[in-house]
Amino acid sequence: HSGGLWTNACCSHPRPGELLDIATHRRLQEEMGMDCPLKPIFTFIYKVNIQKDNLFEHELDHVFFGTTNAEPKPNPEEVEDYSWIALDTLCDDVKKRPEAYTYWFKAALDRVITEYRTRNPKI
């Protein structure tokens, strides 16, 4: 659901019995064709009625950070497009065009920025 909207690098649910750490690497490889060390940063819960897709979500999301110099090789069945943009540019665009982004991405963005800047104070 929520196709055509900008969002985080990858999203998914672990398979039954699959450890979260394994699932995050699997999905990063399946969606973006890359892998890197990942660290769990925070979790959050949201509830939203996605009327466009006739769907109600009540999710517990886990947010992981990772860095790499690898170039993504997105799976066209999973990823329509991707973009590398400056954080300030992203924030400006989310304010100007909130309808272009997934609900959960917008719900987590402020916390992601805070956590990122805490871990990267020179940025």
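Helices (H or I, at least four residues) and strands (E, at least two) are DSSP runs, numbered from the N terminus. Keep that handy for the exercises below.

A word on the model: it is predicted, so local features need pLDDT of at least 70 and side-chain atom pairs count only at pLDDT 80 or more, while totals for chains, interfaces and linings use all residues. Residues are numbered from 1 along each chain as its sequence is written, and side-chain values use heavy atoms, with hydrogens and water left out.

**Exercise 1. Find the salt-bridge partners of Glu 30 in helix 1**.

Step 1. Get the rule straight: a salt bridge is a side-chain nitrogen of Lys or Arg within 4 Å of a carboxyl oxygen of Asp or Glu. The general idea is that side chains of opposite charge can pair when their charged atoms come close.

Step 2. Try Arg 27: its closest N and O atoms with Glu 30 are 2.5 Å apart, so the pair is a salt bridge. Arg 27 and Glu 30 sit 3 residues apart in helix 1, about one helical turn.

Step 3. Now try Arg 26: it also meets Glu 30 in a salt bridge, at 3.1 Å from N to O. Those two are 4 residues apart in helix 1 (residues 20-32), again about one turn.

Step 4. Check the surroundings. Buried means under 20% relative accessible area, exposed over 50%, and partly exposed in between (1.4 Å probe, protein chains only). Arg 26 is buried at 13% and Arg 27 is buried at 11%, whereas Glu 30 is partly exposed at 27%.

Step 5. Zoom out: Arg 15, Glu 18, Arg 26, Arg 27, Glu 30, Glu 31 and Glu 78 are linked in a network of salt bridges. The full count is 10 salt bridges.

**Exercise 2. Work out how Glu 115 and Arg 111 are paired in helix 3**.

Step 1. Look at the gap: their closest N and O atoms are 3.1 Å apart, forming a salt bridge.

Step 2. Look at the spacing: they are 4 residues apart in helix 3 (residues 103-119), about one helical turn.

Step 3. Compare exposure: Glu 115 is buried at 15%, but Arg 111 is partly exposed at 39%.

**Exercise 3. Explain how many disulfides there are**.

Step 1. Use the cut-off: a disulfide is a pair of cysteine sulfur atoms within 2.5 Å.

Step 2. Check Cys 11, which is partly exposed at 33%. Its closest cysteine sulfur, in Cys 10, is 6.8 Å away, so that's too far for a bond.

Step 3. Check Cys 91: its nearest cysteine sulfur, that of Cys 11, is 18 Å away. Cys 91 counts as buried at 17%.

Step 4. Tally up: the whole structure has 0 disulfides.

**Exercise 4. Say where the largest nonpolar core gets its residues**.

Step 1. Define it: a nonpolar core is a set of buried Ala, Val, Leu, Ile, Met, Phe, Trp, Tyr and Cys residues joined through side-chain atoms within 4.5 Å.

Step 2. Count: the largest one has 10 residues, including Phe 44, Val 48, Phe 65 and Trp 104.

Step 3. Trace the sources: strand 1 (38-50), strand 2 (55-66) and helix 3 each supply at least two residues. Strand 1 gives the largest share, 6 residues.
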